[in-house]
Structure formats: structure tokens, C-alpha cells
Protein chains: 2
Amino acid sequence: MPVDDDRPDLAAMVVPLGRSLVAAEEPVLRDHSLTMWGYIALCGLDEAPLRTQAALAQAIGADKTRLIGVLDDLQERGFIRREPDPADRRAHLLSVTAKGRRVREAARAGIRRREEELLARLSPGDRRAFLRALRTLSQP
Amino acid sequence: MPVDDDRPDLAAMVVPLGRSLVAAEEPVLRDHSLTMWGYIALCGLDEAPLRTQAALAQAIGADKTRLIGVLDDLQERGFIRREPDPADRRAHLLSVTAKGRRVREAARAGIRRREEELLARLSPGDRRAFLRALRTLSQP
DNA sequence: TATTGTTATACTCTATAACTATA
DNA sequence: TATAGTTATAGAGTATAACAATA
């Protein structure tokens with residue numbers, strides 16, 4: 001039962017928090033010459049290679065047309081490979097290079113450091129519960 | 001110390017959550033013929049009347065030029081009053097009308113019901129901690 | 001005919017600059 | 001001259017439509 005009714009709407013708290021988190025990431029990404037979408041794409045290629053660009057676009061919540069320039073840039077700089085699928089030459093197999101993995105992890109580490117400063121404002125218990133709740137609520 | 005390092009970046013969880021919260025609000029607001037910015041403005045006029053439109057814009061994180069059409073609409077529909085300040089006739093004193101308060105509370109109630117569905121996925125303890133943490137982190 | 005990637009175009013939202021009226 | 005509000009314009013980011021290559 002809601003005991004906590006005297007508070008702003010969730011969106012009124014979550015959206016500004018998201019904005020400030022994005023703002024905190026931006027200088028870190030700039031230090032590694034990554035755009036936000038470039039970093040998100042690298043994170044989306046975290047594990048196994050993806051079979052199509054459209055699959056990546058959907059996975060990271062981007063438009064497939066918007067992704068193209070992002071991938072062009074990542075490829076030019078040697079962060080990803082875009083190989084035509086021998087089985088279906090329309091599709092492009094996407095994978096991260098070692099160099100791409102390095103820059104992604106370096107950026108991620110910097111971002112984590114910034115996040116620590118924020119999370120330090122929470123008690124250890126609230127911090128754990130907050131992260132647990134976030135993971136629950138952010139997946140559809 | 002971070003025990004929770006195997007997780008997406010905070011922004012990668014918070015921003016999508018914010019988007020889904022906004023998406024959940026939209027049908028409720030439409031039911032009350034409110035735009036998101038209209039609702040946000042009504043919420044910003046929660047308590048005491050504000051002395052200027054620029055003050056409201058800053059309070060809700062909006063551009064003052066963007067607020068004008070929003071306030072025009074709210075005033076036309078009798079949700080707010082915009083009275084020239086007798087002490088400084090450049091400024092407009094802003095306040096909510098009873099009608100505006102009613103529509104805001106009705107919308108708020110609908111939004112809270114939607115939020116309940118989401119928060120129900122959390123344990124009571126995590127829910128309390130999540131809201132406490134959100135309030136801490138969303139204020140600068 | 002349908003789908004992948006691509007390009008070109010249009011649209012939405014937001015910010016910047018310029019104007020008026022008061023001070 | 002400086003400020004509150006307003007208007008008009010320009011910009012960034014995003015989505016839609018149309019196209020070439022392949023299936």
C-alpha cells in the first residue's frame with residue numbers, strides 16, 4: 001500500500017536524474033572521442049556478434065537509419081567490424097574489435113567512477129536496493 | 001565499495017525507465033486534455049503563486065520562450081491566472097485556479113495508479129528504499 | 001514480393017536572436 | 001541601460017519515405 005504519497009511523480013524524479021547522468025557521462029565520452037550513441041552501440045555489441053544492423057538498432061532502442069552514421073564512424077576508427085554475411089549478402093555481421101573493447105571498457109570505467117560519486121550519497125542498504133529496483137524496473 | 005559492478009550503466013537503466021514512465025503518463029494526461037508541459041507547469045505552481053514566468057520556467061526546467069504557449073493554453077482553459085504585478089507591470093503573477101487544481105489532482109491520481117502497477121514489482125522494502133534513493137538523487 | 005542497408009526528406013522539439021513594454 | 005514577456009528564426013535530433021541490392 002502506498003505510504004509514500006507525498007512525493008513528486010516518478011517521471012518527475014527519474015527523467016531529471018537521467019538527464020544529469022547523461023550530462024555526467026558526456027565529458028568522459030568526449031575524453032575517449034566517443035559520442036553517446038557510439039558508446040551505446042559498443043555496449044550493445046557487448047557479447048556475441050549481431051547478425052544485422054537492424055537487430056542492434058532494436059537492441060539499443062535506436063532507429064536503424066540513425067545507426068548508420070554511428071557505425072560508419074566506429075568502423076573507420078577500427079572499433080567495430082562490419083562484414084557481409086556470406087549466407088545472406090544483404091546483412092552485415094557486426095562485432096567489436098579488441099581496440100573497440102578497450103575504448104569501451106576505458107569509457108565504462110570512467111563512467112563508473114562518476115556514478116560512484118552519486119551513489120555515495122546513499123546508505124549501503126539503499127544503494128543495493130536502488131540498483132536492484134532499477135534493474136527490475138528498467139527491463140520491460 | 002562497489003559489489004554491484006556487473007550491471008548496465010546507471011544512465012542505461014534510468015533513461016529508458018524515464019521514457020517508459022513518460023509513455024505511461026501520456027494517455028492519462030490526454031484523458032484530461034493536458035500536455036506534458038501543461039501538467040508540469042501546473043505541478044510547478046503547486047504551492048504559492050510565482051512572481052514571474054521566468055521563475056516558473058527555471059523551476060520546472062523549461063525554456064521561458066517554450067513556456068509561453070503552454071501558459072496561454074492553461075489560461076484560456078481557466079486553469080491558471082496570469083495577473084500583471086501591480087508593483088512591476090512587466091511581470092506576470094502566476095497562480096492556479098480551483099479548476100486547475102482539480103484537473104491537476106485528477107491527472108496526478110491517474111498517474112499514481114499507473115505508477116502503482118510498476119512499483120508493485122518491487123518488494124515493500126525495495127520500494128521504500130527506491131523512492132527514498134530517487135528523492136535523494138534527483139535533487140541537485 | 002520481401003528484406004537489409006542506405007539516402008534524402010520532413011517533422012518535432014528546443015534553443016538563439018530580435019522586438020515591445022515597462023523599469 | 002536593463003529586465004519580463006513575447007515573437008520569429010534557426011538548429012539539433014528524430015522519424016518517415018523512397019531507393020538499390022539481394023533474397
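Buried area is taken here as the accessible area (1.4 Å probe) that two parts lose on being put together, summed over both. In this predicted model, the area buried between chain B and chain A is about 4400 Å², and carbon and sulfur atoms give 61% of that area. Local features were accepted at pLDDT of at least 70 and side-chain atom pairs at pLDDT 80 or more, while totals for chains, interfaces and linings use all residues, and side-chain values use heavy atoms, with hydrogens and water left out. Residues are numbered from 1 along each chain as its sequence is written, with chains lettered from A and ligands numbered from 1 in the order in which they are written.

With contact defined as heavy atoms within 4.5 Å, 42 residues of chain B are in contact with 42 residues of chain A. Between the two chains, 18 residue pairs (both at pLDDT 80 or more) are in polar contact, that is, they have a pair of N or O atoms within 3.5 Å; within protein, one atom must be able to donate a hydrogen and the other to accept it, and residues adjacent in sequence count only if both atoms are side-chain atoms. The side of chain B that touches chain A draws at least two residues from each of α1 (10-31), α5 (98-119) and α6 (124-138) of chain B. Helices (H or I, at least four residues) and strands (E, at least two) are DSSP runs, numbered from the N terminus. The largest share of this side of chain B, 13 residues, comes from α6(B). By class, the side comprises 22 nonpolar, four polar and 16 charged residues, where Ala, Val, Leu, Ile, Met, Phe, Trp, Tyr, Cys and Pro count as nonpolar, Asp, Glu, Lys and Arg as charged, and the others, Gly among them, as polar.

Salt bridges (a side-chain nitrogen of Lys or Arg within 4 Å of a carboxyl oxygen of Asp or Glu) number 25 over all chains. Six salt bridges are found across the interface of chain B and chain A. In one of these cross-chain pairs, the side chains of Arg7(A) and Glu115(B) meet with an N to O distance of 2.9 Å. Arg112(A) forms a salt bridge with Asp9(B), their closest N and O atoms being 3.4 Å apart. This pair runs from helix α5 (residues 98-119) of chain A, which holds Arg112(A), to the segment before α1 of chain B, which holds Asp9(B).

The structure holds one aromatic pair over all chains; rings of Phe, Tyr and Trp (its six-membered ring) pair if their centres lie within 6.5 Å, and planes under 30 degrees apart count as stacked, over 60 as edge-to-face and the rest as tilted. The ring centres of Phe130(A) and Phe130(B) are 5.8 Å apart and the planes lie at 20°, so the pair is stacked. Phe130(A) is in helix α6 (residues 124-138) of chain A and Phe130(B) in helix α6 of chain B, so the pair joins two chains.

A residue is near a strand if one of its heavy atoms lies within 4 Å of it. DNA strand D is surrounded by 17 residues, the closest being Arg66(A), Arg89(A), Gln53(B), Ala54(B) and Arg90(B). Sugar and phosphate make up 65% of the atoms of strand D that come within 4 Å of the protein. Phosphate oxygens of strand D lie 2.6 Å from a polar side-chain atom of Gln53(B), 3.2 Å from a side-chain N or O atom of Arg82(B) and 3.3 Å from a polar backbone atom of His92(B). The surface near strand D has four nonpolar, five polar and eight charged residues.

Around DNA strand C there are 17 residues, of which Gln53(A), Arg90(A), His92(A), Arg66(B) and Arg90(B) come nearest. Here sugar and phosphate account for 60% of the strand C atoms within 4 Å of the protein. A polar side-chain atom of Arg90(A) lies 2.9 Å from a base oxygen of strand C.
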